[in-house]
Amino acid sequence: MAETSTDSSSAAAGIDLSQFYQVFFEEAGENLEQMEQQLLELDVTAADDEELNAIFRCAHSIKGGAATFGFADVAELTHQMETLLDKLRRHELTPTAPMVDVLLQSGDALKAMLARHQGSGGSLVDTTELLFNIRAMVSGEVPPVVTAAPAQAAAPVASNGGADQAAATEGQRTVELRVGPLGDPDVADNLIDLFKEITDLGQIEPLPELDHLPSVRRFKVSTSTAESEMMDLFTFHVAREQVKFVAFGQAEHASAASAADPGYGFFEAVGDGAATAAAQGDAAKHEPGYGFFDNAPGAPENKAQVALHVAAAAVAQPAVAKPVAKADKPQAAGLEASTLRVSVEKVDQLINLVGELVITQAMLAQNSRSLDPVVYQQLVSGLTDLDRNTRDLQEAVMSIRMIPMSTVFSRFPRMLRDLANKLGKKVELVTQGEATELDKGLVEKITDPLTHLVRNSCDHGVEMPADRLAKGKPEVGTITLAASHQGGSIVIEVRDDGRGLSREKLLSKAREKGIDAPDTMTDSEVWGLIFAPGFSTADEVTDVSGRGVGMDVVKKNITSLGGTVEIDSAEGYGMRVAVRLPLTLAIMDGMSVGVGEEVYILPLSSVVESFQVSTEMIKTVGGSGRVVEVRDEYMPVIELEKVFEVPRFDWEHNSGIMVVVEAESGRVAVLVDELLGQQQVVVKNLESNYRKVNDVSGATIMGDGRVALILDVASLVRRSRH
Amino acid sequence: MNMGMMEKLDVQTEALAREYLTFRLGDEEYGIDILKVQEIRGYENPTRIANAPHFLKGVVNLRGTIVPIVDLRMRFGCSSTEYNTFTVSIILHIGQRTIGTVVDSVSDVMEIQADSVRPAPDMNSAIDASFIRGLAQVGERMVILLDIESLLMSPDMGLVD
């Protein structure tokens, strides 16, 4: 038994626990995120009990996990946060904005700590100030129940002076902790480890077991931590009902407390002198180990105590049958049951396999086309079923990768709050369409550009409160984030009701930069100027934005995802930036076109129309530039044959089909030989084994197993301009 | 001590013998480190890539991945580059990339002792001497040992950005 108690912590940390680290990190991350969100939603003036409890639960779960896995720094900080939160939820303190700030900062610090523990590097997180602030807040309005506990608890109990020393520590008190009745008395040894891991918690030393209370373990605890907090920690090892705190001495206080707080256990009077003497004797004898309870010298206890203990045990009895309970997390348990954590690689592998299946299916469909449906009726109908099933399968598999936009949006309230505080502005964030789903890969890549747009809106768009009032606008500016599906793409809008873009300012700035900007430019062309590199209209550079790096990067990033950015603005009333993205990067609808012997794919989303042309319809401008008239509009013509140097063997044949494609608010007519059809294509990367090819965004595998290149329409449109 | 011995042995064997895949380009015989070879396939028509160097035949579909195909005969300036039934693609695994090379025919896998390898003299040829590990005498034949990795990854191949 002694062996178990001394070795369990190191053995557990060394072998068993490491495999659960990842789970802990994920859970802690989720808890942190949830806590942050709830802190942001918290109305300081009318805090809801349920909200406070929820925040408390988050901090508590992190602390429990961190303590179990031996991340002392995380445990300590969460412990202090918990202390503060506990006071809040018990209405011993009223929540204030600074408290929320400190808690949010603590959340950030925790994130950094967790990242460090996860091995992503980073320097040691200094939490001294945070801890100090939290403690000040905890004690500021309430007598200093919690003071900074000296770290002396880390050392094993000193041989004889332990009790005296602990008692001498300011703000500390000594209580007797009773755990049981336990089916397996060793469970209680976990508590000793707990105290070892959370150095702030205090000191614990075992007391001899009482004859009349078999399988009830007793400990002497010197601590400054509230019983309820310790109780919360203990619940990770033993059921709440099995834990009792019995005060050393102080009979009146203890009984009053037990009546007021039945849920947290019983406080009983214990003959101070006798118990302390026993504890000291015990500690002196078994200094290095924590065990040896069974044959420890019997503690002298008086009869009155015995009676009380029996009564207490009887009350606790009904609950014993319960397994180690985490009654405070029923919702979380329900959620876990219906979701499954799977690594992204597995999903991607699945998507790849389905992609292969789609290709094989297309191959079969193509080869079976020539079969006589009367003779091969069964085969043909089987292939039709296969077609439908593959499509359904593909859709279902793709949907695994889809995650709601709320995962992106959820980071903005916090960011905006900090930013608005820093700038002295008042901004409210409205989000719409959080449930709109987007491919995980896209979500990761769109976050940074969106962050930039929101920052811009807050920094440049929304005016100072006084200016807003002067203009007759509401004092609080509104920034709206909206996501919605439109056809095969998703549109994410960032709107604000700020000052909008100024046409004159943009034009003059552009000329300053040497950009050719005639007065005849359309509004949308003028707005497009802000995407030029190094372009900034902010009067002064702040540390938030205004350096002019950013918008061009935003545009580049979004374009590289196959998306577009549009700007709409009305001076004095605000602006709107709309980001249009394809739903997924892995699969798209394509139109296959033939040029000579070769096949190219045009993204269907960019195809506007197609029509037959005769040579007379194509006019030249300046000798080489060719244009075609489409419904009173002249459009540049791009001959794929020339762009891709397609070798031609049938000299008589003339390309006769124009496909009008659109990208980045420009249109070109692409001249091809024939339209071959529409199909879903699995987009493959050319760069993984080769390199970037001009005017090509990727490749796909056709039904016959050959590779076809997917055209980069945006680049074709740009080509037409030079 | 045991460990030291083992390491020494390893180093020695590596210095002494290495397995090479040998293939023919025109009249010349070349050898490449067998560990870089992923598989050998018959030649199939690749999809042409516009504006690429002439020796880059294009890309093919290798079980779902897009693999570029380099015709080493064109790269080394061989006189005839016809594609017949013996023409094969050697699919190589180089770093994280998969790259195919077209050769006239694959001849053998052979162990070549280090002491039979002679340094290549400085000369005027289509390939830089730095891509040649050495010349090996195998019976009557001379095998040119290529450092295929640095050859394919060199900037003038245009295979990487």
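**Figure 1. Lys642(A) and Glu639(A) in a predicted model.** At 59% relative accessibility, Lys642(A) counts as exposed, and its salt-bridge partner is Glu639(A). The closest N and O atoms of this pair lie 3.6 Å apart. Glu639(A), in contrast, counts as buried, with a relative accessibility of 16%. The two residues fall in separate classes because buried means under 20% relative accessible area and exposed means over 50%. As in every view that follows, the coordinates shown belong to a predicted model.

**Figure 2. A salt bridge within helix H18 of chain A.** Helix H18 spans residues 440–461 of chain A and contains both Lys440(A) and Glu444(A). These residues are four positions apart, about one turn of the helix. Their side chains meet in a salt bridge, with an N to O distance of 2.9 Å. Lys440(A) is partly exposed, at a relative accessible area of 26%. Glu444(A) is likewise partly exposed, with a value of 49%.

**Figure 3. A network of salt bridges in chain A.** Five residues are drawn here: Glu36(A), Asp108(A), Lys111(A), Arg414(A) and Asp418(A). Salt bridges link them in a network. Over all chains, the structure holds 38 salt bridges.

**Figure 4. The surroundings of Gln394(A).** Gln394(A) is placed in helix H15 of chain A, which covers residues 377–401. With a relative accessible area of 4%, Gln394(A) is buried. Which residues does Gln394(A) contact, leaving aside its neighbours within four places in sequence? They are Val354(A), Val358(A), Ile587(A) and Gln680(A). The chain around this site has 24 helices and 22 strands, and 46% of the 722 residues of chain A count as buried. Among contacts in chain A between residues at least 6 apart in sequence, 69% join residues at least 24 apart. Chain A exposes about 34500 Å², of which carbon and sulfur atoms supply 53%.

**Figure 5. Glu149(B) and its contacts.** Helix H3 of chain B, residues 148–153, includes Glu149(B). Glu149(B) is partly exposed, having a relative accessible area of 30%. Setting aside neighbours within four places in sequence, Glu149(B) is in contact with Lys36(B), Ile94(B) and Gly95(B). Glu149(B) and Lys36(B) are separated by 113 residues in sequence, while their C-alpha atoms are 8.2 Å apart in space. For chain B as a whole, 56% of the contacts between residues at least 6 apart in sequence join residues at least 24 apart.

**Figure 6. Glu29(B) and Arg24(B) in chain B.** The side chains of Glu29(B) and Arg24(B) form a salt bridge, at 3.7 Å from N to O. Is Glu29(B) buried or exposed? At 4% relative accessibility, Glu29(B) counts as buried. Its partner Arg24(B) is partly exposed, with a relative accessible area of 31%. The chain that holds this pair has three helices and 11 strands, and its pattern along the sequence reads α-β-β-β-β-β-α-β-β-β-β-β-β-α. Chain B comprises 161 residues, 44% of which count as buried. About 8500 Å² of chain B is exposed, with carbon and sulfur atoms supplying 52% of that area.

**Figure 7. The interface between chain B and chain A.** The contact involves 26 residues from chain B and 24 residues from chain A. The size of an interface is often given as the accessible area lost when the parts come together. Here chain B and chain A bury about 2000 Å² between them, 48% of it on carbon and sulfur atoms. How many salt bridges are counted between chain B and chain A? The count is one. Glu598(A) and Arg48(B) meet through their side chains in a salt bridge with an N to O distance of 2.7 Å. Across the interface, 10 residue pairs are in polar contact. On the side of chain B that touches chain A, strand E4 (56–62), strand E5 (65–71) and strand E7 (97–103) each supply at least two residues. The residues of that side divide into 13 nonpolar, nine polar and four charged.

Definitions and conventions
Residues are numbered from 1 along each chain as its sequence is written. Chains are lettered from A and ligands numbered from 1 in the order in which they are written. This is a predicted model: local features need pLDDT of at least 70, side-chain atom pairs count only at pLDDT 80 or more; totals for chains, interfaces and linings use all residues. Side-chain values use heavy atoms; hydrogens and water are left out. Buried means under 20% relative accessible area, exposed over 50%, partly exposed in between (1.4 Å probe, protein chains only). Contact means heavy atoms within 4.5 Å. Accessible areas come from the Shrake-Rupley method with a 1.4 Å probe; for residues, only the protein chains shown count as cover. Buried area is the accessible area (1.4 Å probe) that two parts lose on being put together, summed over both. A salt bridge is a side-chain nitrogen of Lys or Arg within 4 Å of a carboxyl oxygen of Asp or Glu. A polar contact is a pair of N or O atoms within 3.5 Å; within protein, one must be able to donate a hydrogen and the other to accept it, and residues adjacent in sequence count only if both atoms are side-chain atoms. Ala, Val, Leu, Ile, Met, Phe, Trp, Tyr, Cys and Pro count as nonpolar, Asp, Glu, Lys and Arg as charged, and the others, Gly among them, as polar.
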